[in-house]
Amino acid sequence: MTTIITWKERVANLTYELGREPTLGELLEAAWIHEMTPEEIQEQRRSLVRNARCEHGEMDFEQCPKCREQT
Ligand SMILES: [Zn+2]
């Protein structure tokens, strides 16, 4: 049985284990195995709905060059 921890806790644990700030690669790896808490799943659903169509009219905000510039 796995204990569900929030993403923040996971990053804190990772930082503690490494003894330093995790790199982007390590964060991505952690994100890949991260099991989201019900609250996080809800929050992601909300943000997906919010981002269903970006302000520039692109269907997928990740495909929009203007949105990508901002991140
Ligand atoms: Zn956009």
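Student: What pattern does the chain follow, read along the sequence?

Tutor: Start by listing the elements in order. In this predicted model, the chain runs α-α-α-α. That's 4 helices and 0 strands.

Student: How confident is the prediction, and where is confidence lowest and highest?

Tutor: Look at the chain average, then go element by element. The chain averages a pLDDT of 83, and 83% of the residues score at least 70. Confidence is highest in α1, at 94, and lowest in helix α4 (residues 65-70), at a mean of 80.

Student: Let's take α1, then. How far does α1 reach from its first C-alpha to its last?

Tutor: Compare the end-to-end reach with what the residue count predicts. Helix α1 covers residues 7-18, which is 12 residues, and reaches 16 Å, close to the 16 Å expected at 1.5 Å a residue. Just after α1, check the backbone too: Gly19 takes a positive phi of about 75°.

Student: How many of the 12 residues in α1 are buried?

Tutor: Here you count C-beta neighbours, and 20 or more within 10 Å makes a residue buried. For α1 the count is 0, so the helix is hardly covered. Zoom out and 0% of the 71 residues of the chain count as buried.

Student: Where does Glu21 sit, and why does Glu21 count as exposed?

Tutor: Place the residue, then count around it. Glu21 is in the loop between α1 and α2. Glu21 counts as exposed because 10 C-beta neighbours lie inside 10 Å, and the cut-off for exposed is 12 or fewer. For a contact across the sequence, try Val11: Glu21 and Val11 are 10 residues apart in sequence and 8.8 Å apart in space, C-alpha to C-alpha.

Student: And which helix holds Glu26?

Tutor: Same routine. Glu26 lies in helix α2, residues 24-33. Glu26 has 16 other C-beta atoms within 10 Å, so Glu26 is partly exposed. Across the sequence, Glu26 and Leu14 are 12 residues apart, with their C-alpha atoms 8.7 Å apart in space.

Definitions and conventions:
Residues numbered from 1 in each chain as written. Predicted model: local features only at pLDDT ≥ 70, side-chain atom pairs only at ≥ 80, totals over all residues. Helix = DSSP H or I, 4+ residues; strand = E, 2+ residues; numbered from the N terminus. Expected span 1.5 Å × (residues − 1). pLDDT = per-residue confidence, 0-100.
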